[in-house]
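Hi,

Here is the structure I promised to pass on. Have a look at it first, and then read my notes below.

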Amino acid sequence: MDQQSDRNASLREVMSSYPTGVTIVAAREGDGEPFGLTVNSFTSLSLDPPLVLVCIALCATSHDRLISSDAFSVNMLAGDQAPIAKRFATDPSEGRFEGVGWRPGELGTPLIDGSMATLECCRYEVLHGGDHSILIGRVEHLAMTERDALVYHRGLLSTSGG
Ligand SMILES: Cc1cc2nc3c(=O)[nH]c(=O)nc-3n(C[C@H](O)[C@H](O)[C@H](O)COP(=O)(O)O)c2cc1C
């Protein structure tokens with residue numbers, strides 16, 4: 001391995017030792033079919049205005065459609081939704097929503113049944129971030145439940161409920 005790939009491997013390892021929640025970031029073109037992908041780079045950014053961000057790989061097949069969508073949803077997965085996290089991280093992108101219960105939110109974005117919490121966001125800004133785009137959304141609608149969260153740590157999915 002050269003120095004660069006050594007550094008990449010170390011950075012991956014360090015970052016994977018930091019536990020995160022797991023989301024499905026999703027959108028639709030008009031009234032069209034929903035599309036989305038598994039994302040753990042989700043974080044809150046600002047309360048006033050209410051902003052959140054996600055980082056989307058330039059090489060993701062949904063990258064262009066997602067960053068040009070006027071609105072998108074962030075579905076924070078519940079502890080029993082590991083199969084959904086895996087499905088939305090696996091090729092092909094088409095048909096990921098087959099058999100997954102969802103409904104359009106007030107902005108028309110896909111809200112996945114059984115999520116721990118959901119946000120509906122309007123696109124606020126898109127920034128460059130190396131090999132990712134930083135998609136910033138303004139939170140317009142939100143809902144939450146008392147469900148446990150799905151957690152990603154050291155490459156494994158588990159539940160915050162233990
Ligand atoms: C737990 C987990 C977290 C992920 N987080 C991100 C992320 O934050 N950003 C991203 O672009 N891809 C992330 N991925 C990878 C994408 O989900 C995966 O590459 C997906 O197949 C991309 O879908 P697409 O090519 O249909 O857009 C993550 C995968 C997993 C399993």
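What follows is a run through the ligand site, the pockets and a few backbone oddities.

Keep in mind that this is a predicted model.

**The ligand**

Start with the ligand, which has 17 residues around it. Thr38, Ser41, Ala57, Ser62 and Ser93 are the closest of them. By class, that shell holds 9 nonpolar residues, 7 polar ones and 1 charged one.

Three polar contacts are worth pulling up on your screen:

- The side chain of Thr61 has an N or O atom 2.8 Å from an oxygen atom of the ligand.
- The side chain of Arg96 places an N or O atom 3.0 Å from a ligand oxygen.
- Asn40 uses its backbone instead: an N or O atom there is 3.0 Å from a nitrogen atom of the ligand.

How much of the ligand does the protein cover? On its own the ligand has 650 Å² of accessible area, and the protein covers 80% of that.

**The pockets**

The ligand takes up the space of the largest pocket. Two elements give two or more residues each to the shell around the ligand, namely strand E3 (34-39) and strand E5 (51-57).

The volume of this largest pocket is about 1200 Å³, and 31 residues line it. Nearest its centre you will find Arg12, Thr38, Asn40, Ser41 and His132. E3 and E5 turn up again among the elements that give two or more residues to the lining, along with helix H1 (3-16) and helix H3 (82-87). The lining splits into 15 nonpolar, 11 polar and 5 charged residues.

The second largest pocket holds about 160 Å³ of space. Its lining includes Glu33, Pro34, Phe35 and Arg65, as well as the run Ser93, Glu94, Gly95, Arg96, Phe97 and Glu98. So you meet Arg96 here too, the residue whose side chain contacts a ligand oxygen. Here the classes come to 3 nonpolar, 2 polar and 5 charged residues.

**Backbone oddities**

There are two cis peptide bonds to look at. One joins Asp48 and Pro49, with omega at about 5°; Pro49 is in the loop between strand E4 (43-46) and E5. Another joins Asp91 and Pro92, with omega at about -5°, and Pro92 belongs to the loop between H3 and strand E7 (102-104).

Finally, Arg154 has a positive phi of about 50°, even though it is not a glycine. You will find Arg154 in the loop between strand E11 (150-153) and strand E12 (156-159).

Cheers

Methods:
Residues numbered from 1 in each chain as written. Predicted model: local features only at pLDDT ≥ 70, side-chain atom pairs only at ≥ 80, totals over all residues. Heavy atoms only, no water. Near = heavy atom within 4 Å. Polar contact = N/O pair within 3.5 Å; in protein donor to acceptor, adjacent residues only side chain to side chain. Areas by Shrake-Rupley, 256 points an atom, 1.4 Å probe, with all protein chains shown as cover. 1 Å grid on protein atoms, 1.4 Å probe; cavity = no way out; pocket = protein on both sides within 12 Å on 5 of 7 lines; lining within 4 Å. Sits in = over half its atoms within 2 Å of the grid points. Helix = DSSP H or I, 4+ residues; strand = E, 2+ residues; numbered from the N terminus. Nonpolar A, V, L, I, M, F, W, Y, C, P; charged D, E, K, R; others polar. Points joined across faces, edges and corners; volume = space filled by probe spheres on them.
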